[in-house]
Amino acid sequence: MRISILNYEELKSLEMTIINRANGNNKSTYTERQNVRYENRVKRLERVIRKQGYDKHIPLYIGCLDGKKYILDGQGRRDAIIRINEKSLAESNTIQISEIPCIEYDLASRLEMFNIIKTMNTNHSDWKSTDFVRA
């Protein structure tokens, strides 16, 4: 595992896993309700990032396997960054978010990749107001 920085082109070129729906990939494997929830989440992330800036303390998680880089966690943030940058490129020919921190894992197999994805998505939950009070 290592910490690295992706540039915008590298971010766009990340491979998707079957569970990712970033940029519309694999949408047909989800229900309409799940796709609407995902789209709403990406729109919310886009609004927050535009308002507060991109928080570089929250990395994307990337798996490296057979010479390719796959996004393990953070596809919503990835989509929000792409939308922000594409709009900025169209309006002023500039990239707003040019460096994206990530944690990269060198993976031995697809099974290891999916085990990491499973762990990341089942061992955490969103904080409730009581969690903030406790902290």
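Two strands count as paired when DSSP finds at least two bridges between them. Keep that in mind for the sheet in this predicted model.

**Whole chain**

Show the cartoon. The protein has 5 helices and 4 strands. From start to end the pattern reads β-α-α-β-β-α-β-α-α. There are 135 residues, and 38% of them count as buried. Now switch on a surface. The accessible surface is about 8,800 Å², and carbon and sulfur atoms hold 50% of it. A contact map gives another view: among contacts with a separation of 6 or more, 71% join residues 24 or more positions apart.

**The sheet**

Select the strands. In what order do the 4 strands sit in the sheet? The order is S1-S4-S2-S3, in an open sheet with mixed pairing. S1 (2–7) and S3 are the edge strands, each pairing on one side only. From one strand to the next, the twist averages 40°.

Go through the pairs:

- S1 with S4: antiparallel, over 6 bridges. Pick Ile3; its bridge partner in S4 is Ile103.
- S4 with S2: parallel, over 5 bridges. Pick Tyr61; it stands opposite Ile103 in S4.
- S2 with S3: antiparallel, joined by 5 bridges. Pick Gly63; it stands opposite Tyr70 in S3.

Ile103 is thus worth a label, as the S4 partner of Ile3 and the residue opposite Tyr61.

Stay on S4 and colour by accessibility. How many of the 8 residues of S4 are buried? The count is 6, so S4 is largely enclosed by the rest of the structure.

**The loop between S2 and S3**

Select Asp66. This residue sits in the loop between S2 and S3. Check its backbone: phi is near 50°, a positive value in a residue other than glycine. Most residues other than glycine have a negative phi. Is Asp66 buried or exposed? Asp66 is exposed, because its relative accessible area of 74% is over the 50% cut-off.

**Helix H3**

Select residues 75–92. This is H3, which lies across S2, S3 and S4 and runs at about 110° to S3. H3 has 18 residues. Put a distance between its first and last C-alpha: the reach is 25 Å, close to the 26 Å expected at 1.5 Å a residue.

Now pick out the buried residues of H3. Among them are Arg77, Arg78, Ile81, Ile84, Asn85 and Ser88. What covers the buried residues of H3? The cover includes helix H1 (8–12), helix H2 (32–52), S2, S3 and S4.

Step off the end of H3 to Asn93, which follows the helix. Asn93 lies in the loop between H3 and S4. Its phi is positive, about 55°, although Asn93 is not a glycine. Asn93 is exposed, with a relative accessible area of 64%.

**Helix H4**

Select residues 110–122. H4 also has S2, S3 and S4 beneath it in the sense that it lies across them, running at about 25° to S3. Its 13 residues should span 18 Å at 1.5 Å a residue, and the end C-alpha atoms are 18 Å apart, which agrees.

Show side chains. Which residues of H4 are buried? They are Met113, Ile116, Ile117 and Met120. These residues cover an arc of only 100° around the axis, which puts them on the same side of H4. The spacing fits a general rule. An α-helix has 3.6 residues a turn, so residues three or four places apart point the same way.

Turn the helix over. Leu111, Lys118 and Thr122 are exposed on the other side. Turn back. The cover over the buried residues of H4 includes S2 (60–65), S3 (68–73) and S4 (99–106).

**Last stop: Met120**

Select Met120, in H4. Why does Met120 count as buried? Its relative accessible area is 15%, which is under the 20% cut-off.

Show its neighbours. Leaving out residues up to four places away in sequence, Met120 touches Tyr61, Leu72, Asp73 and Tyr105. Tyr61 has come up before, opposite Ile103 in S4. Draw the line from Met120 to Tyr61: the C-alpha atoms are separated by 9.5 Å, while the residues are 59 apart along the chain.

Technical notes: Residues numbered from 1 in each chain as written. Predicted model: local features only at pLDDT ≥ 70, side-chain atom pairs only at ≥ 80, totals over all residues. Heavy atoms only, no water. Helix = DSSP H or I, 4+ residues; strand = E, 2+ residues; numbered from the N terminus. Expected span 1.5 Å × (residues − 1). Buried < 20%, exposed > 50% of the residue type's maximum accessible area, 1.4 Å probe, protein only. Arc of directions from axis to C-beta. Contact = heavy atoms within 4.5 Å. Axes fitted to C-alpha atoms, helices over the stretch in contact; angles between N-to-C directions. Areas by Shrake-Rupley, 256 points an atom, 1.4 Å probe, with all protein chains shown as cover.
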